[in-house]
Amino acid sequence: FMGVSSVLLFQAPDMSRKKLFLILVAMSSVSLLLHHGSQFIWTMKAFKVGCSTQASSASKSTRPKHTSIAFLKTHKTASTTVQNLLFRFAERHNVTVALPFPACDHQFCYPRSFSSRFVHPYTVPPQIITNHMRFNYSEVRRVMPNDTVYITILREPASMFESLFSYYNQYCLSFKRVPNGSLETFMNSPWRYYRAGDKDSMYAHNTLTYDLGGDKDHLATDAAYMKAFIAEIERIFSLVMISEYFDESLVLLRHLLSWDLEDVLYIKLNMRAPSSKRRLSKDLPVKIRNWNALDTKLYDHFNATLWRRLTELGLSCVAKEVQMLRSAQDRLLRGCFGGIPQLRPAAQIKNKELRPWQPSSKVNIVGYDLPLNASYLGKEPGIKSHDLCLKLILPEVQYSQLLLQSQTLRAGAVHKPHPFQRSLRDSPPLMRYQSDTRESPRIAQKKAM
């Protein structure tokens, strides 16, 4: 369509050319307006920004790439896909990633509030931090450079909570109390099953608020609290992505960091099989949003913020970049997998290193197998190209371990027990629970493998 329209525009007389140009601009944005019209207002100011500057060349940016990034990895929000993107960027540009101590497994001792002590000493000073944590700005600042850009991602609370309920039903006591394991039953009387002090209770109530360092059980009617909390997030975070508009969020991310198009290519990771997903009944989303009222206010605010920023950039510009991103991803997937890769249950993935972690027998997390002849026909053919395809689908736990090994070797260090690691091992049971939480089954599974 774009090729034909450009020919018509070139061949048309001057007046017709202007009219045709206006028609093409309208057509490029009308689909976005139809789908998202309630979330933003089209303005001439937004149109004037256009794609003539940054967006005119999505392959190369005029400014140096920004490499100091703190990504708050929230739960069940497509954050694993963003993390993989950041891991690959770090390796390509020889950037150090802050990684957790082994005692914390692959998370920064979640659900405890983040401490700089949780960072492995062989991964400091870092330029990127992206593993799960409960956000603590003052402690993150102790580890990261002064010019760090802070980013996070949110998801619509109803769909997110359905995913949380499915994923953590064997760990979160509030979910395990439900006699028939039914989300509908839980939502009919959540206070009957929920206990704020329970193990993993953060998965059952306002998880986004908790991950961002807020009080998940604060009164939702306290408007002043949420106003101040949102203002603090806006002050710290340069970008709050929205998972429902993932590609559009990546357009803003690329502009913010002055990255190339190839830096934001991805494949979806850590997804459930369709059989593990539940279709929400008609009245359930409203109940879920009311139960997670703090998360709902966060999401609604930053969803509107995202669309204001997209409008300022120019919707025709955004549509063009999204299309370029998807075309580049299509080429990448064809090069690595011969087309769209087939999602497979973990047991069917031949390479054990590519098997995603399974939270329980009741949930099926799918992944990908890499063809033996995979070789992305990009800038770096051969071994480097095969490595790119492999890292694209490498699960979070395995990738974190791989980065820790490579960065330890780069530091020329010999792995020795650290005083903090010994203090966790010798600590009382409560402290061990707070540091490890649900990680012990994951460690047990890895030992079994």
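Which residues in H11 are buried? Let's start there, and then walk around the rest of the chain. One thing up front: this is a predicted model, so everything I say is about a prediction.

Okay, H11. The buried ones are Met-226, Phe-229, Ile-230, Ile-233 and Ile-236. They cover an arc of only 130 degrees around the axis, so they sit on the same side of H11. If you look at the numbering, that spacing might seem odd, but there's a general reason for it. An α-helix has 3.6 residues a turn, so residues three or four places apart point the same way.

Now flip to the other side of H11. There you find Ala-223, Ala-224, Lys-227 and Arg-235, and these are exposed. So what covers the buried residues of H11? The cover includes three helices and two strands by name: helix H5 (137-143), helix H10 (207-211), helix H14 (293-313), strand E4 (149-154) and strand E5 (237-242).

We can also check the length of H11. Helix H11 runs over residues 223-236, which is 14 residues, and at 1.5 Å a residue they should span 20 Å. The C-alpha atoms at the ends are 20 Å apart, so expectation and model agree.

Let's zoom out for a second. The protein chain has 449 residues, and 52% of them count as buried. Its secondary structure comes to 20 helices and eight strands. If you take the contacts with a separation of 6 or more, 74% of them are between residues 24 or more positions apart. As for the outside, the chain exposes about 21,200 Å², and carbon and sulfur atoms supply 57% of that.

Next up, strand E1. Please find Ile-69, which belongs to E1 (residues 69-72). Is Ile-69 buried or exposed? Its relative accessible area is 0%, so Ile-69 counts as buried. Leaving aside neighbours within four places in sequence, Ile-69 is in contact with a whole list of residues, including Leu-86, Ile-129, Met-144, Val-149, Leu-257 and Trp-259. Ile-151 is on that list too. Ile-69 and Ile-151 are 82 residues apart in sequence, but 7.5 Å apart in space, C-alpha to C-alpha.

What about the rest of E1? Here's the background: in a regular strand the side chains alternate between the two faces of the sheet. In E1, Ile-69 and Phe-71 are on one side, Ala-70 and Leu-72 are on the other, and all of them are buried, which leaves both faces covered.

Which strands does E1 pair with? One partner is E3, in the parallel sense, over two bridges. Ala-70 has Ile-129 as its bridge partner in E3. Another partner is E4, also parallel, over four bridges. In that pairing, Phe-71 stands opposite Ile-151 in E4.

There's another sheet to look at, and this one is antiparallel. It's an open sheet of three strands, in the order E6-E8-E7. E6 and strand E7 (344-345) stand at the edges with a single partner strand each, so each has one side without a neighbour in the sheet. Between E7 and strand E8 (residues 365-367) there are two bridges, and the two strands run antiparallel. If you want a spot to click on, Arg-344 stands opposite Gly-367 in E8.

Last stop: some backbone geometry. The background is that most residues other than glycine have a negative phi, and most peptide bonds are trans. Now have a look at the loop between strand E2 (97-98) and strand E3 (128-129), where Pro-111 sits. The peptide bond from Tyr-110 to Pro-111 is cis, with omega near 15 degrees. Pro-125 is found in the loop between E2 and E3 as well. A cis peptide bond joins Val-124 to Pro-125, and there omega is about -5 degrees.

Stay in that loop between E2 and E3, because Asp-105 is there too. Asp-105 is not a glycine, yet its phi is positive, near 60 degrees. At 11% relative accessibility, Asp-105 counts as buried.

Compare that with Asn-270, in the loop between helix H12 (246-257) and strand E6 (271-272). Phi of Asn-270 is positive as well, near 60 degrees, and Asn-270 isn't glycine either. Asn-270 has 26% relative accessibility, so it counts as partly exposed.

That's my tour, thanks for listening!

How values were computed:
Residues numbered from 1 in each chain as written. Predicted model: local features only at pLDDT ≥ 70, side-chain atom pairs only at ≥ 80, totals over all residues. Heavy atoms only, no water. Expected span 1.5 Å × (residues − 1). Buried < 20%, exposed > 50% of the residue type's maximum accessible area, 1.4 Å probe, protein only. Arc of directions from axis to C-beta. Contact = heavy atoms within 4.5 Å. Pairing = 2+ DSSP bridges. Areas by Shrake-Rupley, 256 points an atom, 1.4 Å probe, with all protein chains shown as cover.
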